[in-house]
Amino acid sequence: MNIHAAINSSFPTERELVIERIFDAPREKVYRAWTEPKLVKQWFVPRPWTISGAALDVRPGGQSQIVMRDPDGNDHPNEGIYLEVVPNQKLVFTDAFTDAWVPSQKPFMLAIVTFEYVGKDGGTRYTARVRHWSSEDREAHEKMGFHEGWGQCADQLAELLKTI
């Protein structure tokens, strides 16, 4: 099975978390907010957390390095690899690998983020599917506040989209 078939295949729902929003912005803007470091820094973590660093090589096999900073000033690096990139339509990335396909210490998830046109006014249906290696990882992510955190970030993204 190739990577595209694997990503698009059915997946056990007990290992997946999903968030979906409709944004009043064209998908090109939503995609930019996900792929331009200066924009990612403005919305990617729930406030009062911030992003202290973001380096994105947005291409299949390219590295993503995002450093989240908690309110106490502690940095939390997050590294991953893009598996699939369809400009303005889809991003697929995982934390299973870091730089140059080096396996990570503790793989946690694979994310599939899609941007679809909706409505006659050019809005965007934003869907983030987070697939976990195990049911236990999914449950831990949910208890960490997946819906609240990703939901707050989606609200912050909506605010940003009004300004770009």
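This is a short chat about the sheet in this structure, the helices on it and one residue, Ala-55.

Student: What kind of model is this?
Tutor: It is predicted: local features need pLDDT of at least 70, side-chain atom pairs count only at pLDDT 80 or more, and totals for chains, interfaces and linings use all residues. Residues are numbered from 1 along each chain as its sequence is written, and side-chain values use heavy atoms, without hydrogens and water.

Student: What's the strand order in the sheet?
Tutor: The open sheet has seven strands, ordered S1-S7-S6-S5-S4-S3-S2, with antiparallel pairing. Strands are DSSP runs (E, at least two residues; helices are H or I, at least four), numbered from the N terminus. Two strands pair if DSSP finds at least two bridges between them.

Student: Which are the edge strands?
Tutor: S1 (16-23) and S2 (50-56). Each pairs on one side only.

Student: How many bridges join S2 to S3?
Tutor: Six, and the two strands run antiparallel. S3 covers residues 63-69. Leu-56 has Ser-64 in S3 as its bridge partner.

Student: Which strands does helix H5 touch?
Tutor: H5 (residues 146-161) packs on the sheet and touches S1 and S7. Contact means heavy atoms within 4.5 Å.

Student: New topic. Where is Ala-55?
Tutor: In strand S2.

Student: Is Ala-55 buried, exposed or partly exposed?
Tutor: Partly exposed, because its relative accessible area is 37%. Buried is under 20%, exposed over 50%, partly exposed in between (1.4 Å probe, protein chains only).

Student: What does Ala-55 touch?
Tutor: Gln-63, Ser-64 and Gln-65, not counting residues up to four places away in sequence.

Key:
Axes are lines fitted to C-alpha atoms, for helices over the stretch in contact, and angles run from 0 to 180 degrees between N-to-C directions.
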